[in-house]
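User: Hi, I'm new to protein structures. Could you walk me through this one?

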Amino acid sequence: MAKVVHLKKDCISCGACAAIAPQYWELDAEGLAQLKESLPVENHWEKEIPEQEIPVQEEAANVCPVQIIHVKKK
Ligand code: SF4
């Protein structure tokens, strides 16, 4: 298992995460990225992910120009 942490408040709405992994990322009504099925925790959003989802989420993290997507492996 792993966890994706998204510091949504710092999103600049570039859309790169949603372009590279549309099955997991979308832009909300305000144009900010939203990790599908994630939950708000304190100042960020997060979601537990299975092992096989790690590579694509790491790709999303790598393309984010402001580096606010983090994949934390357990
Ligand atoms: S890649 Fe980063 S800045 Fe761009 S929409 Fe996704 S979370 Fe926001």
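Here are a few questions and answers about the fold, the core and the ligand.

User: What should I know before I start?

Analyst: This is a predicted model, where local features need pLDDT of at least 70, side-chain atom pairs count only at pLDDT 80 or more, and totals for chains, interfaces and linings use all residues. Residues are numbered from 1 along each chain as its sequence is written.

User: In what pattern do the helices and strands follow each other along the protein chain?

Analyst: Helices (H or I, at least four residues) and strands (E, at least two) are DSSP runs, numbered from the N terminus. The protein chain has two helices and six strands. Read along the sequence, they give β-α-β-β-β-β-α-β.

User: How many residues make up the largest nonpolar core?

Analyst: A nonpolar core is a set of buried Ala, Val, Leu, Ile, Met, Phe, Trp, Tyr and Cys residues joined through C-beta atoms within 7 Å. Buried means 20 or more other C-beta atoms within 10 Å of a residue's own, with C-beta atoms placed from the backbone. The largest one includes Val4, Trp25 and Cys64, and its full count is twelve residues.

User: Which residues does Cys64 touch, leaving out those up to four places away in sequence?

Analyst: Touching means contact: C-beta atoms, placed from the backbone, within 7 Å. Cys64 belongs to the largest nonpolar core. With that sequence limit, its partners are Ala16, Cys17 and Ile69.

User: Which residues come nearest to the ligand?

Analyst: Near means a C-beta atom, placed from the backbone, within 6 Å of the molecule. There are 14 residues around the ligand, and the nearest are Cys11, Cys14, Cys17, Ala33 and Cys64.

User: What share of the 74 residues in the protein chain is buried?

Analyst: The cut-off is the one used for the core, 20 or more other C-beta atoms within 10 Å. By that count, the buried share of the protein chain is 20%.

Terms used
Two residues are in contact if their C-beta atoms, placed from the backbone, lie within 7 Å.
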